[in-house]
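Trainee: I would like a close look at a single part of this model, taken slowly and set in the context of the whole chain. Could you start from the part I ask about below and work outwards?

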Amino acid sequence: SADGTAFFTERPGSARVMGLPGGVVVTLRETMSPSRAQQFLASRGLTPVRPIGDGSTTWLVASDPGLPSLHLANRLYESGDFAAASPNWWQARAKK
């Protein structure tokens, strides 16, 4: 798209559309206070956007939209610094 968001489908031929609007969801390896978690993320060159849930282990960090968010998620997971990292997937919702 014009804003750099990449769109994907769940599998070839699937009608379920997914996108990468930017951001990576990371799960810390240990419980931390929100201020300590922000310091930990910043020390790894990341910009914390907001906690997810109680903010003790899961955070949304900033990234460019599209494939850069996928690449960052892979790099963060492979670093071993995080229990999990995944792009902030957007999924189209069907009306009931």
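Are phenylalanine 40 and phenylalanine 82 buried or exposed? And please take strand 5 as the part to examine closely, with its partners and surroundings.

Mentor: Phenylalanine 40 and phenylalanine 82 are both buried, and I shall come back to them once strand 5 has been described. Please keep in mind throughout that this is a predicted model.

Strand 5 covers residues 58-61, and its side chains divide between two directions, with Thr58 and Leu60 pointing one way and Trp59 and Val61 the other. In a regular strand the side chains alternate between the two faces of the sheet. Whichever way they point, these four residues of strand 5 are buried, while for the protein as a whole 31% of the 96 residues count as buried.

Strand 5 has two partners. With strand 3, residues 24-28, it pairs in the antiparallel sense over four bridges, and within that pairing valine 24 has valine 61 as its bridge partner. With strand 4, residues 48-51, the pairing is again antiparallel, here over three bridges; proline 51 stands opposite tryptophan 59, and arginine 50 stands opposite leucine 60.

The connection between strand 4 and strand 5 is a hairpin with six residues between the two strands, and glycine 53 in the turn has a positive phi of about 75°. Isoleucine 52 also belongs to the loop between these strands. Its relative accessible area is 31%, so isoleucine 52 is classed as partly exposed. Leaving aside residues up to four places away in sequence, isoleucine 52 touches Val25 as well as Thr58, Trp59 and Leu60, and the last three of these lie within the span of strand 5. The C-alpha atom of isoleucine 52 is separated by 9.6 Å from that of threonine 27, a residue 25 positions away along the chain.

Taking a wider view, strand 5 is part of an open sheet of four strands in the order 4-5-3-6, with antiparallel pairing. Strand 4 and strand 6, the latter formed by residues 82-87, are the edge strands, each pairing on one side only, and the twist from one strand to the next averages 25°. Helix 1, residues 34-43, packs on this sheet and touches strand 3, strand 4, strand 5 and strand 6, its direction making about 45° with that of strand 5. Helix 2, residues 67-79, lies across strand 3 and strand 6 and runs at about 170° to strand 6.

This brings us back to the two phenylalanines. A search of the whole structure finds one aromatic pair: the ring centres of phenylalanine 40 and phenylalanine 82 are 5.7 Å apart and their planes stand at 75°, so the pair is edge-to-face. Phenylalanine 40 is in helix 1 and phenylalanine 82 in strand 6, so that the pair links distant parts of the chain, 42 residues apart.

For the setting as a whole, the protein has two helices and seven strands, which follow the pattern β-β-β-α-β-β-α-β-β along the sequence. Among its contacts with a separation of 6 or more, 62% are between residues 24 or more positions apart. The accessible surface comes to about 6,000 Å², and 52% of it belongs to carbon and sulfur atoms.

Methods: Residues numbered from 1 in each chain as written. Predicted model: local features only at pLDDT ≥ 70, side-chain atom pairs only at ≥ 80, totals over all residues. Heavy atoms only, no water. Buried < 20%, exposed > 50% of the residue type's maximum accessible area, 1.4 Å probe, protein only. Pairing = 2+ DSSP bridges. Axes fitted to C-alpha atoms, helices over the stretch in contact; angles between N-to-C directions. Contact = heavy atoms within 4.5 Å. Areas by Shrake-Rupley, 256 points an atom, 1.4 Å probe, with all protein chains shown as cover. Phe/Tyr/Trp six-rings, centres within 6.5 Å; stacked < 30°, edge-to-face > 60°.
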